[in-house]
Amino acid sequence: MIRAGVVGLGVISKFYLAALERSREFALAAVCDLDPAKLAKSAVPGYRDHREMLADGGLDAVIVTAPNDVHATVCRDVLDAGLPVCVEKPIATRLADGEDLVARAARRDVALFTAFHRRYNGNVLALRERLVGGPPIASLTVRYLERIEEHVGGDRWYLDATRCGGGCVADNGPNALDLVQLFLGSMVLRDVRISRDADGVDRRATLVLEGAVVELDWSFPGEVKDVEVRLTDGTVLRADLLAGYPEFKESLWHEYAGLLREFAEAVREGGAWRDSGLDALSIVDACYRRENDAGRRTETRDHRHRGEGARTSP
C-alpha cells in the first residue's frame, strides 16, 4: 500500500479522503491543516506544519489540497523530501515556480502529478470512446460555468485574487485547458477576452486556442460543465459532465476515485511522469500577460490621442 499524507482539509479534501478510504492502492497515513478542529476529527496523525509531517517519515506520497498560493512551497518541500506529490491545479500561481517544480521532480526522479479531476469524468471518457476510429476533430468547445461563491464553502481564499492566483482563468482555466489537451493533444493560445469585476477579479473569460474555445464564468446563475466536439464531417458530439449526477458536486466522487488510480501509476512511474500541469499554467500565464499587454497598448493610444488633442487646442 502507498501511505499517503494529505495537506489541506478544505472543501476538496473530502473527495480525496473518500477515494483513499475505498482505494486498494493507497492508505491514509497522516493529515495536515492549520485548523486544530479539523485535525481533531482525523483518525490518523495530524499536523499543523507539513514540514513536521514530512520529518516524521512514514509516507510514500503526499496529496496537496491547500490554497493555491502555497502549492509551490508545499510541493517543493515534498519533492525535496524525495516523495511524489499530487497537487490540485494549478501546480503554482507563478509560471517560474511551476517550472521549478517540474525540474525538481525530474532531479529527484519522483512524480509531480496535477489533479485534473475532470478528465476522469465518465461522460468525458464515453465521448472519447465514441471518437475512436471516427473523423478527426475540426473544433472543440469547453464550457466551465458556475457561480463561484456557491462552490467554495468555507474556503474564501478562492475569492482573493492574490491567494488564488487570479480568478476564473487561474483556477477553473486549468481544468478546462486540460480537457482541450485531452482531446487535441496540444494547446496554443490565439486570443483571450477577460471581464473583471469592480475588485479587479476576472469573472468571465473566453480563451481562443488553436482548434478550441474555452468559456469560463464565475458569475453564471447555475452550473454548466461540458465539452462539445465538431468533427470534420459535420457531426457534433457533446459530453455533459454533470449528466447523471444530479446532486451538487456528485460527479466529483467518481472523478477523484479515477484520479487516485492514475496517481498510483504516476507514483510507480516516478520522474518519467508527465501531465499537462505546466502546460496549463503556461497558458494561464500567457492569458494574463496578453491582457496586460493589450491594456498597455490601449493606454498608450489614449495618451497619444489626448496629447494630439492638446496640441491642436486653441
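This is a guided tour of a predicted model, moving from its confidence to its helices, their packing and two single residues.

Because the model is predicted, local features are described only at pLDDT of at least 70 and side-chain atom pairs only at pLDDT 80 or more, while totals for chains, interfaces and linings use all residues. Residues are numbered from 1 along each chain as its sequence is written, and side-chain values use heavy atoms, with hydrogens and water left out.

Begin by colouring the protein by pLDDT, the predictor's confidence in each residue on a scale from 0 to 100. The mean is 94, and 94% of the residues reach 70 or more. Then select residues 309–314, where the pLDDT is below 50 and where the model shows zero contacts beyond near neighbours in sequence, a contact being heavy atoms within 4.5 Å.

Next, select residues 251–269, helix α10, which has 19 residues and reaches 27 Å from its first C-alpha to its last, close to the 27 Å expected at 1.5 Å a residue. Helices (H or I, at least four residues) and strands (E, at least two) are DSSP runs numbered from the N terminus, and the expected span is 1.5 Å times one less than the number of residues in the helix. Among the buried residues of α10 are Leu252, Glu255, Tyr256, Leu259, Leu260 and Phe263; buried means under 20% relative accessible area, exposed over 50% and partly exposed in between, with a 1.4 Å probe and protein chains only. Their cover includes β1 (2–7), α1 (13–22), β2 (26–32), β4 (61–64), β5 (85–88) and β6 (112–115). Just after the helix, Gly270 takes a positive phi of about 70°.

Keep α10 in view and add α1. The two helices pack at an angle of about 60°, with their axes 9 Å apart, where axes are lines fitted to C-alpha atoms, for helices over the stretch in contact, and angles run from 0 to 180 degrees between N-to-C directions. They are therefore oblique to each other, since angles under 35 degrees count as roughly parallel, over 145 as roughly antiparallel, 65 to 115 as roughly perpendicular and the rest as oblique. Residues of α1 including Phe15, Tyr16 and Leu20 meet residues of α10 including Trp253, Tyr256 and Leu260.

Move on to α5 (residues 95–108), a helix of 14 residues that reaches 20 Å between its first and last C-alpha atoms, close to the 20 Å expected. Its buried residues are Leu95, Asp97, Gly98, Leu101, Arg104 and Ala105, and it is followed by Asp109, whose phi is positive, near 60°. Add helix α4 (residues 71–80), which packs with α5 at an angle of about 10°, with the axes 9 Å apart; α4 and α5 are therefore roughly parallel to each other. The contact involves Ala72, Cys75, Arg76, Leu79 and Asp80 of α4, and residues of α5 including Asp97, Leu101 and Arg108.

Two single residues complete the tour. Select Arg203 in strand β9 (residues 202–209), which is buried, with a relative accessible area of 12%. Not counting residues up to four places away in sequence, Arg203 touches ten residues' worth of surroundings that include Glu149, Asp197, Asp217 and Trp218. Finally, select Pro45 in the loop between α2 (36–40) and β3 (46–47), where a relative accessibility of 46% makes it partly exposed. The C-alpha atoms of Pro45 and Ala29 are separated by 7.2 Å, although the two residues are 16 residues apart along the chain. With residues up to four places away in sequence set aside, Pro45 touches Ala29, Ala30 and Val31.
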